[in-house]
Amino acid sequence: MEKFFVTTPIYYVNDKPHIGHAYTTFVCDTLARYYRMLGARVLFSTGVDENSQKNIEAMIAAGESDIARYLDNMAGLWKQSWDDLGIRYDAFIRTTEQRHVNAVQRFWRAAMETGDIYKSVYKGMYCTGCEAFKTESETENGACVLHPNKPLKPIEEENYFFKLSAYRDRLLELYSQSREFAMPEARRNEIRNYVENHLADISVSRSSSSLESGIPVPDNDSQRIYVWFDALINYLTVAGYGSDDRETEQWWPADAHIVGKDIIKFHCALWPAMLWSAAKTDPLLKKMSEEGKLIPRTVFAHGFFTIDGIKISKSLGNAVDPRDLIPAYGLDAIRYFLMREIPFGEDGDFSRKRLEERYVSDLANTLGNLLHRAISMSRRYFNGMTPNVDLVRAGASPNASVWDGAAGLRDLESRYDGFMQEFRIDLALERLWAAGEIKASGLLQANKFVEETKPFQLVKDDAMKVGEILYALLEACRHYAWLLAPVMPETAKAMIESLGQKFDIESKKSLEELRQWGGLPMDTPLPEPKPLFPKREATS
RNA sequence: CGCGGGAUAGAGCAGUCAGGCAGCUCGCCAGGCCCAUAACCUGGAGGUCGGGGGUUCAAAUCCCCCUCCCGCAACCA
């Protein structure tokens, strides 16, 4: 793959990021890091949705009054959070930026010209307390839940509507033609059912008087563009649409929109329809369409985390800021836990107990201890150096029935690649530990290999063989480090340095070169090992 | 009959499409080992595969019925 363009949704900034936001963003960051290692040009974008009415409500709740300053602060807070969590995004978009306003208005005009945007009357129940329309689920006894003393008023308003229903057949065709467009399968069934039976035109503007924020409708000051129509276009904006057509051609379409399961409808139904519509008249999008490069390759909806079995909820105050966990576990352990714990696409639960279990078992006992024991033995038996051995003999493990050395690593790496490219980071990690595999070269098998060959006994009568065993182990650890790198960048670096290599030099090599068996130099000093995942801190 | 997902050991899951000894990780118990972060390895206990019926030499798996849980949808601004 030459390029890889991956996106997070743009988040509302009504609070700081919690573990759910971090999960989505970690997935994208891991994929971005993986594709960078593969040698692809990568565009990983994230950002914040600043045109939502919810932001204004949040600002008022926070006791502030200057929306521009509030948004600046929140954008800074989100950026800082991602920096603290080791997220290496390439683009951070704020939807109040001029380039986004330009992109949205250009897109709007294109869709308008096709006739897919039309004026109609919206009828809704308006709460004068909230100064907002309310959905049925937000009301009780004819009043909104927040203002039970102020009955809702039926209000009619002339708005612009988008002819979503006109794209029904084309959407259904898209779902049946592309298995990967809407993932996972259960969600694709859900969206298909929605489109088949319930698809209706949607309102895409609001009167400026009832909406305090938002991008003005071109040539009509009385209307502002409403939420999703604006928000989805952020993906085009970050790819240069509206500011640099040639850049857009390089990146579009997105390879992966990673989204929460709650917003898959907008990404899998509204978004492609919007693109088809604007592509009828917008020259750039038309060209992309003719080249078959208009529709995003994959929208993958992940599940939600509960906290100790309970839904994350602001009112319950049970949201977890992942940064609070860093002092006890370290950043990489948190990234590992979130990527490993739930099958991608399904729901899962976050709990300190599970995090602790995985930290101790997977990271400290299996991974950390393996590297530590391998280095310790090499240092002890080979004067603090990596063993100098015949690479061919150290590549295979003729006496081991449970561990295949070089050949096994190749197999592991190709299976790992398969899972990563299907967005199954959880399965890639499971494979790396090789859970459930009888004959594989994962971490658990490497530990079995040590027991089976007993280098600590063998050293008394066959030092050469011990060297071969230990070299194979250390070399395997070097491979593990690079396989872990997308999920656990700091750990990968620590492992490579523990093996006496210079991370900065190694990380510039191609993936192919890194995966060559024998990349670990022989007769090289090994520094005294330090536990990668110390346990004392973990249990604090 | 609105649509879909799910129910497998104490926990979390795989296996179901293509029927063939019920498996993995964690936890628990016992043993081994001594290189290692009281880490590692081996063995064991623990399951009427949600319930009932059917097809079959054989069903977690295929067919029918039922129960429970969870999403989505129900002119949601």
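Author: A polar contact is a pair of N or O atoms within 3.5 Å; within protein, one must be able to donate a hydrogen and the other to accept it, and residues adjacent in sequence count only if both atoms are side-chain atoms. The model is predicted, so local features need pLDDT of at least 70, side-chain atom pairs count only at pLDDT 80 or more, and totals for chains, interfaces and linings use all residues. Residues are numbered from 1 along each chain as its sequence is written, chains are lettered from A and ligands numbered from 1 in the order in which they are written, and side-chain values use heavy atoms, without hydrogens and water.

Reader: What makes the pair between Leu532 and RNA strand B a polar contact?

Author: A backbone N or O atom of Leu532 lies 3.3 Å from a base oxygen of the strand; the limit is 3.5 Å, so the pair qualifies.

Reader: Which base atom of RNA strand B does Arg373 approach, and at what distance?

Author: A polar side-chain atom of Arg373 lies 2.5 Å from a base nitrogen of RNA strand B.

Reader: What makes a residue count as near RNA strand B?

Author: One of its heavy atoms must lie within 4 Å of the strand. There are 39 residues around RNA strand B, and Tyr122, Phe133, Thr135, Asn159 and Ser203 come nearest.

Reader: How do you know which part of RNA strand B faces the protein?

Author: Of the strand atoms within 4 Å of the protein, 74% belong to sugar or phosphate and the rest to bases.

Reader: What does Leu338 touch, if contact means heavy atoms within 4.5 Å?

Author: Leaving aside neighbours within four places in sequence, Leu338 is in contact with Ile19, Tyr23, Phe26, Phe305 and Phe350.

Note on methods
Contact = heavy atoms within 4.5 Å.
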